[in-house]
Structures are given as structure tokens and as C-alpha cells.
Amino acid sequence: MPMFDFVCTSCEHTFDALVRNDVLPACPACGAATVEKLLSVPAIKTSGTHGKALAAAKRRDKAQGQERMHAQRQYELSHDD
């Protein structure tokens with residue numbers, strides 16, 4: 001069963017749903033049957049996008065590590081033994 005993204009034309013809620021036989025689902029937020037199928041772009045993985053994703057993950061991990069070190073240092077300074 002394919003999964004599609006939809007938007008409700010009544011309340012503008014976006015959601016995804018599994019669809020059988022092109023039957024449009026009802027909106028889970030308001031229950032309206034007036035929904036439109038959205039155009040979904042497939043995720044493409046290449047060596048370039050993979051490298052960019054790894055670089056972003058390294059930057060994120062470095063920032064989180066610095067935050068943890070700062071929090072640990074603040075904890076140590078505020079607790080005299």
C-alpha cells in the first residue's frame with residue numbers, strides 16, 4: 001500500500017496516510033472528507049548528499065558535546081564537596 005501526503009482543504013491540516021484503490025482518507029483533525037493529495041519528492045541519496053549529511057551530523061555532535069561539557073563544568077562548580 002502506498003503512503004501519500006495530504007492536506008485538508010477545510011482546516012489546512014497536513015497528514016500522511018496509507019491509501020488503497022485511490023480512496024481519499026478523511027482528515028484526522030476535523031474529519032472532513034475534502035482532502036487533496038500533495039506532491040511528494042522522493043529522497044535521493046548520492047555520495048554528495050551523504051557527505052553533507054555526515055558533515056552536518058559531525059557539527060551537531062560537536063555542538064552537543066560542548067554543551068554537555070559546559071553543563072558538567074557548571075555542575076562541578078556549583079557542588080562543593
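This note goes through a predicted model in numbered points, from confidence and strands to the core, the cysteines and two single residues.

1. Confidence. The structure is a predicted model, and its chain averages a pLDDT of 89, with 98% of the residues scoring at least 70. Among the elements of the chain, the lowest mean pLDDT, 91, belongs to β1, whereas the highest, 93, belongs to strand β3, residues 35-37.

2. Pairing of β1 with β2. These two strands run antiparallel and are joined by five bridges. Two of the partnerships can be followed in the model: V7 has T14 of β2 as its bridge partner, and D5 is matched in β2 by D16. The hairpin that the strands form has five residues between them, and the loop there includes E12, which is taken up again in point 8.

3. Pairing of β1 with β3. Strand β1 also pairs with β3, again in the antiparallel sense, over three bridges. Here F6 stands opposite K37 of β3. The side chain of K37 has a further contact to look at, since its charged end sits over the ring of F4, at 4.0 Å from the ring centre.

4. The two faces of β2. In a regular strand, side chains alternate between the two faces of the sheet. Strand β2 shows such an alternation, with F15 and A17 pointing to one face, where they are buried, and with T14, D16 and L18 pointing to the other, where they are not.

5. The nonpolar core. The largest nonpolar core is made of eight residues, namely F6, C8, F15, A17, V19, C27, A32 and V35. The elements that contribute two or more residues to this core are β1 (3-8) and β2 (14-18). As background, nonpolar side chains in soluble globular proteins tend to be buried together.

6. The aromatic pair. One aromatic pair is present in the structure, and its members are F6 and F15, whose rings are stacked with 5.7 Å from centre to centre and 25° between the planes. Both F6 and F15 are buried, and both belong to the core described in point 5.

7. The cysteines. A reader who sees several cysteines may ask how many disulfides the structure holds. The number is zero. For C11, the nearest cysteine sulfur is that of C27, 3.7 Å away, and C11 is in no disulfide; this residue is partly exposed, with a relative accessible area of 35%. The sulfur of C30 has its closest cysteine sulfur in C8, also at 3.7 Å, which is too far for a bond because a disulfide requires the two sulfur atoms to be within 2.5 Å. Like C11, C30 is partly exposed, its relative accessible area being 41%.

8. The backbone at E12. Most residues other than glycine have a negative phi. Against that background E12 deserves a second look, for its phi is positive, about 65°, although the residue is not a glycine. The residue lies in the loop between β1 and β2 and is exposed, with a relative accessible area of 64%.

9. Helix α1 and M69. Where in the chain is M69 found? This residue belongs to helix α1, which covers residues 47-78, and M69 is exposed, with a relative accessible area of 62%. The C-alpha atom of M69 is separated by 22 Å from that of L54, the two residues being 15 apart along the chain.

Methods: Residues are numbered from 1 along each chain as its sequence is written. This is a predicted model: local features need pLDDT of at least 70, side-chain atom pairs count only at pLDDT 80 or more; totals for chains, interfaces and linings use all residues. Side-chain values use heavy atoms; hydrogens and water are left out. A nonpolar core is a set of buried Ala, Val, Leu, Ile, Met, Phe, Trp, Tyr and Cys residues joined through side-chain atoms within 4.5 Å. Buried means under 20% relative accessible area, exposed over 50%, partly exposed in between (1.4 Å probe, protein chains only). Helices (H or I, at least four residues) and strands (E, at least two) are DSSP runs, numbered from the N terminus. Rings of Phe, Tyr and Trp (its six-membered ring) pair if their centres lie within 6.5 Å; planes under 30 degrees apart count as stacked, over 60 as edge-to-face and the rest as tilted. A charge sits over a ring if NZ of Lys or CZ of Arg is within 6 Å of the ring centre and within 35 degrees of the ring normal. Two strands pair if DSSP finds at least two bridges between them. pLDDT is the predictor's confidence in each residue, from 0 to 100.
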